[in-house]
Every structure is written in C-alpha cells, then in structure tokens.
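Thanks, everyone. I'll keep this brief. Please have the model up on your screens.

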Amino acid sequence: MTVRPGRRTATAVAAAALSTGALLGAAPAAPAAPATSTTTPAMTVLPTGVPGKSYSDPTGVNGSGVVVGYAYASGQGVEASAVRWAADGTPATLPPLPGENFAQALGVNDANLAIGISWPTGRTSWQSTAVRWAADGTPTALPPLPGDLYSRAAAISGSGIVVGTSYTSSAGTHAVAWRPDGTTVTLAPLPGDTASEVTGVNAAGLAIGRSYTTVGSFHGIVWSPDGTPVRFQTGPTSGSGDWPVGINDAGTVVGVADRPQGIGTSRHGLVRAPGGALRDLGPYTSPTAINASGTVVGQYQPDLGQLNTHAARWSPDGTLTPLPREPLTGGNSAAVGINGSGTAIGYAWDGIPARQYQSGRIWAADGTLTNLAPNSSDNTTLFVNDAGLVVGLFLLRSPGSLYPSHLTVVWRP
C-alpha cells in the first residue's frame with residue numbers, strides 16, 4: 001500500500017467546488033439518513049519531545065501505529081524537527097543530515113523506514129535534500145538528479161521504494177524514484193511535456209503523478225517500475241486536466257478528470273484497473289483514497305442546484321454509497337482515507353473547508369458515523385491504519401490569533 005505524506009490540502013479544497021460552469025445532468029442519489037455512534041473515542045495529544053517546539057503536524061502512520069511528522073515553535077515552521085512517535089506515543093527526534101539543522105518526516109512504511117527532507121540554516125524547506133531514515137533513525141541522503149540542486153521525498157512503498165521530486169529554484173520539477181539498492185530512476189514526463197511530479201508508489205514500483213505542459217495544464221501518469229510513463233486516462237479534459245490521487249498494491253489507480261459539460265466543466269472520479277481499463281464514477285464526483293480491496297472514498301455533489309459536497313464510498317464495482325453526516329448549516333462533508341476493513345475517515349464543515357473550520361468524522365464499514373468534535377470544529381482527521389488508529393490534528397486556538405496552532409493527535413479504536 002502506498003504511504004503518502006499528509007499534504008491533502010489541494011484535493012480537500014477542490015472537493016468544495018466539484019463543478020464549475022453549467023450544472024447539467026442527473027444528480028446522484030441523496031445521502032442516507034445519519035446513523036450516529038453514541039460514543040466518541042478519546043483523543044490523545046502526542047507530545048513532540050523537542051524542547052521549544054510544542055506544535056506539530058502528522059504526515060503518516062504505519063500498520064503498527066508508528067506516526068511520523070514534524071515539530072516546530074509557533075510561527076517558526078521553517079525551523080522544524082522531524083519526529084517519529086512509537087505505537088505507545090513516545091516521541092523520538094529523527095536527525096537531519098550531517099552538517100544540517102532542520103528536517104521534516106513525510107511518510108513511513110511498515111518496516112519503520114521514514115522519509116522526509118533535511119536542510120541547513122539559511123535555506124527553507126523547499127531548498128532541501130530528500131532523506132530516508134532507517135528503523136534506528138540513521139539518515140541517508142536521496143540526492144537530486146544531475147543538474148538539479150534540491151530533492152524532496154513524497155512517498156514510500158511497503159517494499160522500501162521512495163519517490164519524490166528533483167528540482168532547482170528556477171526550473172520545473174522532475175519526478176524520481178530511489179530504489180532500496182541505491183539505484184535512482186528518472187520518472188520522465190509524457191512526450192511533449194516539460195515537467196513531472198510523483199505523489200504515490202506501490203510495492204511493485206508502479207508510481208503515480210502528473211506531467212505538466214508548457215501552458216501549465218497537466219496530465220495524469222502511471223509510471224512502470226523502469227520509469228516508462230503511461231497516460232492515466234485518455235478521455236477528454238478541460239480546466240486543470242486529470243490526475244491520479246491513489247494506488248493500491250494490486251495496481252488499481254484512482255483519480256479525477258475535469259471534463260467538458262455544457263458551457264463549463266464537471267469533475268469526474270476515475271478508477272483505472274491494473275490492465276488499464278477505466279471506470280468513470282460519473283460527474284460531480286471526486287475520490288481521494290483507495291484501499292487494498294479496491295474500495296474508494298471521496299465526495300460527490302448530490303444536489304446539482306447547490307454546491308454542497310457529501311462524503312461517499314464506492315465499492316469495487318463502482319456502486320456509490322453516501323456516507324451519513326450530522327445536519328450542518330451548509331452541510332458539507334468529505335472522506336479522505338479508508339483502511340483495509342472499510343473504516344473511512346474525513347471531516348465536515350460549514351462554509352470554507354479550511355482546517356480551522358473542519359470537524360473530524362469516522363465512518364465504520366457499516367456506515368455508522370462517529371463525530372470526533374461533537375461540540376465544536378476544532379479537529380480534523382488525516383490518516384487511518386488497518387488497526388483502526390486514526391491520526392489527525394487538534395486545532396489550538398489562542399486568544400487574538402488569526403490561525404490556530406496544530407497539535408498531532410490520535411483516536412484509538
């Protein structure tokens with residue numbers, strides 16, 4: 001299974017506007033009436049263990065409950081420290097590369113191999129070198145491609161393959177894979193495109209990402225283990241284009257495409273089988289994650305007369321099941337993750353889907369809803385492992401502060 005970093009903001013924000021232009025066509029089924037759990041699991045704050053850096057962001061969790069992320073002082077995210085929390089919540093700092101000062105952990109696999117970035121004083125986190133930390137915390141640099149200055153790790157597979165980007169400050173990004181044996185594989189853009197970025201990889205080395213044109217639009221890619229790029233889908237696109245968002249170890253890829261509709265566009269969720277056959281989940285759908293059995297979660301727009309989005313689950317055959325939600329003014333919800341047993345996680349919000357307005361949700365395999373913020377919107381979920389451990393953020397609101405501070409939290413089943 002792909003282990004990805006916690007930067008889901010682009011997909012989450014896009015979910016708030018699944019369509020633009022004309023709203024034409026038949027609406028999907030209305031959401032089911034809520035089935036709500038009467039108990040809420042206790043939330044546990046994970047301490048950073050780093051003196052002077054009490055705030056943190058989680059970026060991944062593995063099957064045994066090891067969480068990774070980074071710690072920082074309020075307003076000092078540029079001076080971050082990489083952290084790996086043991087299954088019992090005990091924090092340990094992952095050191096930056098020799099001679100450097102700061103680091104962020106951005107993913108972890110079931111062998112407790114962590115990935116991230118490292119940089120020295122005087123640079124920012126975007127002027128970094130990709131890192132792989134061994135289970136004992138020893139860092140190894142994953143260098144940029146020849147001619148580039150910086151590198152950044154994006155995901156690690158269960159087999160230890162790391163993917164990421166290689167770049168300079170002024171040129172486009174180049175997708176790259178670093179194999180466990182030290183071999184570096186360039187993940188080329190599609191013919192005629194000028195840049196590429198990779199966002200996920202499975203145990204066999206199939207990687208997913210995007211290829212950019214000279215005018216800024218992009219096409220989804222599935223790369224073979226040797227780096228050969230193949231279009232994610234070949235249907236019509238408009239607006240931004242198309243891009244994959246997840247891949248499982250069976251090689252099933254899930255993604256989205258902006259397609260023409262009337263005088264505007266509509267977003268379509270797409271599922272690509274290992275052999276390349278494509279299933280269209282329909283207009284106004286936006287999947288975000290896929291589990292090992294091919295079940296997909298995300299959100300859709302049930303009422304084409306309104307812009308509200310609702311969390312949904314799609315079975316491997318493409319059947320849509322709305323995930324229940326508690327009534328809200330505005331009534332928006334989104335699912336962002338799913339584990340092997342079918343437990344889905346996400347959040348609900350009113351108005352703007354920014355983190356400070358979200359409230360976390362868990363949907364059991366039978367659809368039962370658990371509201372993780374029954375009295376307020378002060379937390380959000382990011383990851384769930386196969387044991388049902390949910391990882392997210394608690395948003396600490398200080399008097400007079402425009403933005404809340406982040407604390408890494410877990411909800412244990």
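A word on terms: strands here are DSSP runs of E, at least two residues long, numbered from the N terminus. By that rule, Thr408 sits in strand β33. And one caution: this is a predicted model.

Let's stay with Thr408. Is Thr408 buried or exposed? Buried, with a relative accessible area of 0%. We call a residue buried under 20%, so Thr408 qualifies at 0%. Its side chain has a polar partner: the side chain of Ser56, at 2.8 Å. Now look at what surrounds Thr408. Setting aside residues up to four places away in sequence, Thr408 touches Thr44, Val45 and Leu46. It also touches Ser56, Asp57, Pro58, Val67 and Trp85. Val391, Gly392 and Leu393 complete that list.

Next, Asn379. It belongs to strand β31, residues 379-384. Its relative accessible area is 1%, so Asn379 is buried too. What does the Asn379 side chain reach? Two backbone atoms to point out. One is the backbone nitrogen of Gly360, at 2.8 Å. The other is the backbone oxygen of Leu372, at 2.9 Å. Beyond four places in sequence, the contacts of Asn379 include Gln358, Ser359, Ala373, Leu393, Phe394 and Trp411.

Trp411 brings us to the core. The largest nonpolar core has 21 residues. Which of them touch the most other members? Trp119, Ile345, Tyr347, Ile362, Val390 and Trp411. Several strands give two or more residues to this core: β4 (67-72), β7 (102-108), β8 (114-119), β27 (332-338), β28 (344-349), β32 (390-396) and β33 (405-411).

Take Ile362 from that group. Skip its neighbours within four places in sequence. Ile362 is then in contact with Thr343, Ala344 and Ile345. Thr368, Leu369, Thr370 and Leu372 are on its list as well, and so is Val390.

Now over to a sheet. Four strands make an open sheet, in the order β23-β24-β25-β26, with antiparallel pairing. The edges are β23 (285-290) and β26 (320-322), each paired on one side only. Neighbouring strands of this sheet are turned by 30° against each other on average, ignoring direction.

Zoom in on β25. How many bridges join β24, residues 296-300, to β25, residues 310-314? Five, and the two strands run antiparallel. Val296 has Trp314 as its bridge partner in β25. Gly298 has Ala312.

On to the pairing of β25 with β26. That is antiparallel as well, over three bridges. Arg313 stands opposite Thr321 in β26. The hairpin of β25 and β26 has five residues between the strands, and there Gly318 takes a positive phi near 95°.

What about the faces of β25? In a regular strand, side chains alternate between the two faces of the sheet. In β25, His310, Ala312 and Trp314 point one way. Ala311 and Arg313 point the other way. Both sets are buried. That fits the count for β25 as a whole: five of its five residues are buried.

To recap. Thr408 is buried and its side chain contacts that of Ser56. Asn379 is buried, and its side chain reaches the backbone of Gly360 and of Leu372. And β25 is mostly covered. Over to you for discussion.

Technical notes
Residues numbered from 1 in each chain as written. Predicted model: local features only at pLDDT ≥ 70, side-chain atom pairs only at ≥ 80, totals over all residues. Heavy atoms only, no water. Pairing = 2+ DSSP bridges. Axes fitted to C-alpha atoms, helices over the stretch in contact; angles between N-to-C directions. Core = buried A, V, L, I, M, F, W, Y, C linked by side-chain atoms within 4.5 Å. Buried < 20%, exposed > 50% of the residue type's maximum accessible area, 1.4 Å probe, protein only. Contact = heavy atoms within 4.5 Å. Polar contact = N/O pair within 3.5 Å; in protein donor to acceptor, adjacent residues only side chain to side chain.
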